[in-house]
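Biologist: I'd like to learn how to read a protein model. Could we start with what "buried" means?

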Amino acid sequence: MTPKPITVEEFFRPPARSRAQLSPDGTKVAYLAPWRDRLNVFVRDLAGDWPETSATDDPASRRVTADDHRSIDTFFWTPDSRYLLFTQDTDGDENAHLHRIDPARPDEPAVDLTPVDGARVLGTQFRADRPGTVVVQFNARRPELIDLHEIDLGTARMTLLAENPGDVTSWLCAPGGRILAYRMADDGDHLLSEFSAGAPRLIARFSGLDHPFGVNPCVPTPDGTGLWIGSPRGSDHIRLVRLDLDTGEQSGVDSRPGFDLDTPRPEADPRFPSSLILNQATGDLLGARYLGARQEIHALDPHFAEVLPRLAELSDGDLAHVSCDDAGRRWVVDFTHDRDPGVTWFYDHTTGTARRLFRPYPHLDPAQLAAVTPVTVSARDGLALPCHLTLPVGAEPRGLPTVVLLHGGPWYRDSWCYDPEVQLLANRGYAVLQVNFRGSTGYGKAFTQAAIGQFAGRMHDDVIDALDWAIAQGYTDPGRVAIYGSSYGGYAALVGAAFTPDRFAAAASYTGMSDLTDLVRSVVPFARRAVQNSYLRYIGDPEDPAQEADMLARSPISRVGDITAPMLLVHGANDVRVHRRHSDRVAEALRARGGEVEYLLNEREGHWFVNPDSNIELYRTLERFLARHLRGSR
């Protein structure tokens, strides 16, 4: 049976409720819900019925923020349950400030704890031995230097703990007050050092090649003597080890042969939880997540080993965000799912009872949504490419118009989950093919490193090989294929249109880069040292003339004259990762030679569109564009 059309508004309006977190004292739940079409933080007592009505109509719920300009995305409890903290930037500029709210005084405005224009909070941390405070990494002194500060949550007073001498890329404060920092060696290796009264003491050295974005995860043990870190040392895959802060020695904690710790997704996307499951009040390590075609969780705490099976039986999805009281008796959890995402449950381990609290999207019927199927495709050189295929419900899976949808990064990965843009496309009759090309993370370091020097090369070959597989399987009509993606995926769409113009009937780039030399030269100040192992190693150094020439040869802006397919460009005017000029230049070049191009520029967004009205405009535009050029609209 063909499902009814689901409107763009139904897919992209805010969830009724989402991201619920239990307070560490186990009495209250904080969550996001819409107010004036923007996600804000609400709080209610855990006890009592949770009505299906909106949060604003729930008499037990209290709205504790009042942002009607930009949706809030990230918030968390303080360990004593006294305050809630949240981060917020301005129109997508990514200069996130840390704000404090008092749930006991919901009418009081939020307090900006980091009120420095142009600066951003790059990390927060609580210390059990310093209650009532939060440690923040913050570049308030100079844009390119991240310092370490402690903020008193009651008074908002900020105290400098450590000043960046010039080579620190990130900080950490262990229980007991040990100040740790990662510095970058000239060869790109990461140097973990302890900062005390004298010169920094080197603890351990980590390969920059194996850790392109630093050591993740990296969490202090509650006793302050070690770190839990992800390590691929001696292996192709990231396993969990404990690093001794005195000796620098690593000892194994847990691993899953053939799987990486699930570190790439939460590093880039707050929809996904951390690879380590911790008790938020005590800091105890409860479990570790690994990801293949589906998630696998290993319990690393005896009590959590009892709780985990009871949580897992609540859904046929993958256990996602987990919060509990400090005793580990009360739990609030949600689940990743391809058609029924974020369903949130309360479980009481004392009584063994559970009850569903809410579905974030009660207006969407899972039976009307399309299944996301993991598949593996062989690249022309034999490399196995993990992909996901989504076919429209009720349609004969033969000769379908197809959208090749490519993720960003490229140091990221697509996975089995609910994605509203995938479901929108499937609902309109398109097959959706998502390709984890070489360079994607989470499939072992050899798979990631196979992308070095391969932008617009073998990385694009992987996309074409996956498309050829879908055609050979009969799913795809080769004459009705569009290529689309955001960030790196937008670059890949531009490459598809410019380097293989005969393969695509349409292309859409959302905040995609068109000039690799411009991308690398424009890195924000605080991150310039940190990109040595990613941009410089994988793409090239534009200060070297030979590398600059190669980068330009791999840049779509150099091949705009070869683009023949209609092009849709989407960009946020405040994008600090990929400046809007990447799209401006492509639009100008195409228009100058009479090419068919549509350009949607949003003045209130950055690299990713956050506000619901921005996303509704974006996907209405994409829907019309694809219907016009693929004739796939139902």
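Modeller: Sure. A residue counts as buried when its relative accessible area is under 20%. Keep in mind that this is a predicted model. Now look at helix H7, residues 488-499. Tyr488, Gly489, Gly490, Tyr491, Ala492, Ala493, Leu494, Val495, Gly496, Ala497, Ala498 and Phe499 are buried there.

Biologist: What does that say about where H7 sits in the structure?

Modeller: Twelve of its twelve residues are buried, so H7 is largely enclosed by the rest of the structure.

Biologist: And how do I think about the faces of a helix?

Modeller: Here's the general idea: an α-helix has 3.6 residues a turn, so residues three or four places apart point the same way. As for length, H7 reaches 15 Å from its first C-alpha to its last, close to the 16 Å expected at 1.5 Å a residue.

Biologist: What comes just before H7? I see Ser487 in a loop there.

Modeller: That loop runs between strand S33 (476-486) and H7. Ser487 counts as buried, at 11% relative accessibility. Its backbone is worth a look too. Most residues other than glycine have a negative phi, and most peptide bonds are trans. Ser487 has a positive phi, near 60 degrees, and is not a glycine.

Biologist: Where else can I find a positive phi in a residue that is not a glycine?

Modeller: Try Thr511, with a phi of about 50 degrees. You'll find Thr511 in the loop between strand S34 (506-510) and helix H8 (516-521). Thr511 counts as buried, at 0% relative accessibility.

Biologist: You mentioned trans peptide bonds. Which residues are joined by a cis one?

Modeller: Asn216 and Pro217 are joined that way, with omega about -10 degrees. Pro217 is in the loop between strand S16 (201-206) and strand S17 (218-220). Gly409 and Pro410 also share a cis peptide bond, and here omega is about 10 degrees. Pro410 is in the loop between strand S31 (400-406) and helix H4 (420-427).

Biologist: Let's move on to rings. How many aromatic pairs does the structure hold?

Modeller: There are 20. Take Phe455 and Tyr491: their ring centres are 5.7 Å apart and their planes are at 45 degrees, so we call the pair tilted. Phe455 lies in the loop between helix H5 (445-449) and helix H6 (458-472), while Tyr491 is in H7, so the pair ties together parts that are 36 residues apart in sequence. Both Phe455 and Tyr491 are buried.

Biologist: Which residues do ring pairs link into a cluster?

Modeller: Tyr31, Phe42, Trp50 and Phe358. Trp50 has a charged neighbour as well: Arg44 lies over its face, 4.4 Å from the ring centre. Over at Trp416, Arg294 does likewise, lying over the face at 3.7 Å from the ring centre.

Biologist: Last one: how do I describe a pocket?

Modeller: Give its space, then its lining. The second largest pocket has about 150 Å³ of space. Its lining has six nonpolar, three polar and three charged residues. Among the lining residues are Arg63, Asp67, Phe86, His99 and Glu108.

Methods:
Residues numbered from 1 in each chain as written. Predicted model: local features only at pLDDT ≥ 70, side-chain atom pairs only at ≥ 80, totals over all residues. Heavy atoms only, no water. Phe/Tyr/Trp six-rings, centres within 6.5 Å; stacked < 30°, edge-to-face > 60°. Helix = DSSP H or I, 4+ residues; strand = E, 2+ residues; numbered from the N terminus. Buried < 20%, exposed > 50% of the residue type's maximum accessible area, 1.4 Å probe, protein only. Lys NZ or Arg CZ within 6 Å of the ring centre and 35° of its normal. 1 Å grid on protein atoms, 1.4 Å probe; cavity = no way out; pocket = protein on both sides within 12 Å on 5 of 7 lines; lining within 4 Å. Points joined across faces, edges and corners; volume = space filled by probe spheres on them. Nonpolar A, V, L, I, M, F, W, Y, C, P; charged D, E, K, R; others polar. Expected span 1.5 Å × (residues − 1).
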